[in-house]
Amino acid sequence: MSTAREQTAREQSDPRATLRAGLPDRYLTPDDIAEIFEVPKETLYQWRKKHVGPPSFRIGKHVRYDPADVHAYVTQRKSDNTAA
């Protein structure tokens, strides 16, 4: 049986658990998003180039994702699929 501390440590290392538990207090990286959506990082870069997928932005040379935007994107996709 795992302790609450072990469960918290696992959730902090799993971006999907972080999003389920609430918005993280940091911007997400392409690695985080690739893990959350279980897609290759190259897919994210193609989505960015084609202006599809969750909104992203640059800080210098680094691409980042606002967790609120990612959550809104997922919510919109779910409602689009339900309506179809």
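Rings of Phe, Tyr and Trp, the last represented by its six-membered ring, are taken to pair if their centres lie within 6.5 Å. On this basis, F37, W47 and Y73 form one aromatic cluster in the structure, which is a predicted model.

Three aromatic pairs are found in the structure. In one of them, Y27 and F57 meet edge-to-face, with 5.1 Å from centre to centre and 80° between the planes. Y27 belongs to the loop between helix 2 and helix 3, whereas F57 belongs to strand 1 (residues 57-59), so this pair ties together parts that are 30 residues apart in sequence. Y27 has a relative accessible area of 42% and is therefore partly exposed. F57, with a relative accessible area of 27%, is also classed as partly exposed.

A further aromatic pair is formed by F37 and W47, two members of the cluster. The F37 and W47 rings are arranged edge-to-face, at 6.3 Å centre to centre and with 65° between the planes. Because F37 lies in helix 3 and W47 in helix 4 (residues 41-50), the pair ties together parts that are 10 residues apart in sequence. F37 is partly exposed, at a relative accessible area of 24%, and W47 is partly exposed at 23%.

The two helices that carry F37 and W47 also pack against each other, at an angle of about 105° and with their axes 9 Å apart. Since angles of 65 to 115 degrees count as roughly perpendicular, helix 3 and helix 4 are described as roughly perpendicular to each other. On the helix 3 side, the contact is made by P30, D31, I33, A34 and F37. On the helix 4 side, K41, L44, Y45 and W47 take part. Both residues of the F37 and W47 aromatic pair thus appear among the residues of this helix contact. By residue class, the contact of helix 3 with helix 4 comprises seven nonpolar and two charged residues, and no polar ones.

The loop between helix 2 (15-21) and helix 3 (30-37) also holds D25. With a relative accessibility of 80%, D25 counts as exposed, because the cut-off for that class is over 50%. Y27, in the loop between helix 2 and helix 3 as well, is by contrast partly exposed. D25 and D66 are separated by 41 residues in sequence, and their C-alpha atoms are 9.7 Å apart in space.

Note on methods
Residues numbered from 1 in each chain as written. Predicted model: local features only at pLDDT ≥ 70, side-chain atom pairs only at ≥ 80, totals over all residues. Heavy atoms only, no water. Helix = DSSP H or I, 4+ residues; strand = E, 2+ residues; numbered from the N terminus. Buried < 20%, exposed > 50% of the residue type's maximum accessible area, 1.4 Å probe, protein only. Phe/Tyr/Trp six-rings, centres within 6.5 Å; stacked < 30°, edge-to-face > 60°. Axes fitted to C-alpha atoms, helices over the stretch in contact; angles between N-to-C directions. Parallel < 35°, antiparallel > 145°, perpendicular 65-115°, else oblique. Contact = heavy atoms within 4.5 Å. Nonpolar A, V, L, I, M, F, W, Y, C, P; charged D, E, K, R; others polar.
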